[in-house]
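Me: I'd like a close look at one part of this model: its empty space, and the chain segments that line it. Walk me through that, then tell me how the rest of the chain fits around it.

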Amino acid sequence: LWIIRLNVDDAKERQAALEEFEQWKLQHQSHLDLAEWNQLQSFSEEVQQYASLHQLSAETVHEALETQQQVHQQTSRVFGQSILGLIMVVMLGYFSYAYFPYVHFSSAYGTYQYYFADLKTAVAETRTIRLEDGSQLVLGAKSAVNIDFNQQRRSIELLEGEIYIDVAKDLQRPLIVESEQAQFKALGTRFLVQQYPTHTQLDMLHSRVEVQQLQTAERLAVIQQGQRISIDATGQMQRSAIEENQTQIAWQQGQIIAENLALSDLLHQLNLHSDAYLFYLTADLKALKINGIIDRHQDIEATLMLIAQKHP
């Protein structure tokens with residue numbers, strides 16, 4: 001606000017603002033160290049150049065300040081009692097989570113359930129966990145799971161992202177991985193599960209997995225080693241072949257082996273590894289297919305430039 005006031009085009013107002021600013025500096029010496037003051041002056045010069053270039057008037061500045069003040073007053077009225085607002089948010093969150101567990105409230109930083117998950121990773125982070133039964137679980141970047149082990153069964157709910165699981169044998173308690181679209185009952189050991197916005201992908205690396213409908217647990221298919229399936233909310237499946245060792249090594253090294261991979265699915269994977277969040281329209285980009293090996297750790301701008309060259 002000081003910068004705006006110190007750069008209005010009305011000379012009298014600018015002088016009055018300068019005098020008030022000098023008084024403010026004397027009263028708040030701790031607010032500005034030398035580096036911050038230099039930054040402030042530098043930015044002030046940029047504002048002056050910008051105002052001169054675009055012929056901004058004092059009237060425009062005043063309107064902006066008045067609008068800001070009105071918004072501030074409205075916000076103060078709505079959230080005047082901040083503790084009440086906080087309680088309402090927490091209560092809303094609790095009841096949404098308790099009574100609508102399958103509704104995902106998405107944001108640029110993750111789904112609603114992500115923040116309440118038993119285990120989760122941050123952007124570009126992976127995490128290896130040894131579960132109580134001896135199974136090895138690896139969470140990929142920006143992933144979240146809930147764990148539920150009891151005397152009858154072992155359950156892992158994939159809320160977001162991707163996991164690698166090496167299952168410990170327990171004939172009395174089958175291990176089941178649940179996604180938004182399906183359940184996967186482990187009949188073998190190693191497999192990958194990736195959760196996309198519209199479907200789930202399973203890569204079978206060793207032995208077999210039984211695919212079941214989410215609600216009825218009706219068996220849909222048995223997926224063999226070296227197979228990949230993609231299943232949507234309606235239960236429709238697409239199968240393809242993979243090379244198990246290559247797939248596992250690529251995932252561990254942060255590579256995406258794209259074979260007619262939908263551009264929207266590629267961007268979803270890149271979002272798990274990049275601090276720069278990508279917004280895109282899934283329906284518009286799903287038809288564009290990507291082929292090649294993409295390094296998830298590569299600078300995202302370079303990756304996008306390569307994609308743009310292929311699909312201008």
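What follows goes from the pocket to its neighbours and then out to the rest of the chain.

Reply: Bear in mind that this is a predicted model. For a bit of scale, the chain runs to 312 residues, of which 38% are buried. It has 9 helices and 17 strands. Among contacts with a separation of 6 or more, 43% join residues at least 24 positions apart.

Now the pocket. The largest one holds about 790 Å³ of space, and 37 residues line it. Which of them lie nearest its centre? Those are Gln201, Arg228, Ser230, Glu259 and Leu261. If you care about chemistry, the lining splits into 14 nonpolar, 13 polar and 10 charged residues.

The wall is built from several pieces of the chain. Strands E10 (190–195), E11, E14 (227–232), E15 and E16 (255–262) each supply at least two lining residues, and so do helices H6 (244–252) and H7 (263–271). The top contributor is E16, with 8 residues.

Two of those strands are worth a second look. E15 covers residues 237–241, and Ala241 is part of this strand. Is Ala241 buried or exposed? Its relative accessibility is 63%, over the 50% cut-off, so Ala241 counts as exposed. Its C-alpha sits 9.6 Å from that of Met204, although the two residues are 37 places apart in sequence. E11 spans 199–204, and the loop from E11 to strand E12 (208–213) contains Ser207. Ser207 has a phi of about 70°, which is positive even though the residue is not a glycine. Most non-glycine residues have a negative phi. With 23% relative accessibility, Ser207 falls between the two cut-offs and therefore counts as partly exposed.

H7 is the piece I'd keep on screen, as it turns up at the pocket and again at the cavity. In H7, 9 of 9 residues are buried; among them are Ser264, Asp265 and His268. Those three also appear in the lining of the largest cavity, together with Tyr196, Pro197, Thr198, Tyr280 and Thr282. H7 gives more to that lining than any other element, with 3 residues. How much space does the largest cavity hold? About 30 Å³, and the structure has 1 cavity of 30 Å³ or more. By class, the cavity lining is 3 nonpolar, 4 polar and 1 charged.

Leu263 is another of the buried residues of H7. Leu263 belongs to a nonpolar core of 12 residues that also includes Ala258, Ile290 and Ile307. This core is separate from the largest one. Nonpolar side chains tend to be buried together in soluble globular proteins.

The largest nonpolar core has 27 residues, and Leu137, Ile156, Ile163, Phe184 and Phe191 make the most contacts inside it. Strand E7 (residues 154–166) is its main contributor, with 4 residues. Leu137 gives a feel for the packing: beyond its neighbours up to four places away in sequence, it touches Leu119, Arg127, Thr128, Ile129, Leu131, Val145, Ile147, Ile156, Ile163, Tyr164 and Ile165.

One more spot rounds out the picture. Thr121 lies in the loop that links strand E3 (119–120) to strand E4 (127–130). Why does Thr121 count as buried? Because its relative accessibility is 1%, under the 20% cut-off. A polar atom of the Thr121 side chain lies 2.6 Å from the backbone oxygen of Gly140, and a polar atom of that side chain is 3.2 Å from the backbone nitrogen of Lys142. Its contacts beyond four places in sequence are Tyr114, Thr126, Arg127, Leu139, Gly140, Ala141, Lys142 and Ser143. Lys142 itself is in the loop between strand E5 (136–139) and strand E6 (144–149). At 9% relative accessibility, Lys142 counts as buried. Its phi is near 45°, another positive value in a residue other than glycine.

Definitions and conventions
Residues are numbered from 1 along each chain as its sequence is written. This is a predicted model: local features need pLDDT of at least 70, side-chain atom pairs count only at pLDDT 80 or more; totals for chains, interfaces and linings use all residues. Side-chain values use heavy atoms; hydrogens and water are left out. A nonpolar core is a set of buried Ala, Val, Leu, Ile, Met, Phe, Trp, Tyr and Cys residues joined through side-chain atoms within 4.5 Å. Buried means under 20% relative accessible area, exposed over 50%, partly exposed in between (1.4 Å probe, protein chains only). Contact means heavy atoms within 4.5 Å. A polar contact is a pair of N or O atoms within 3.5 Å; within protein, one must be able to donate a hydrogen and the other to accept it, and residues adjacent in sequence count only if both atoms are side-chain atoms. On a 1 Å grid over the protein atoms alone, a cavity is a set of points where a 1.4 Å probe fits but cannot get out, and a pocket is an open set with protein on both sides within 12 Å along at least five of seven lines; lining residues have an atom within 4 Å of a point. Grid points are joined across faces, edges and corners, and a volume is the space filled by probe spheres set on the points. Ala, Val, Leu, Ile, Met, Phe, Trp, Tyr, Cys and Pro count as nonpolar, Asp, Glu, Lys and Arg as charged, and the others, Gly among them, as polar.
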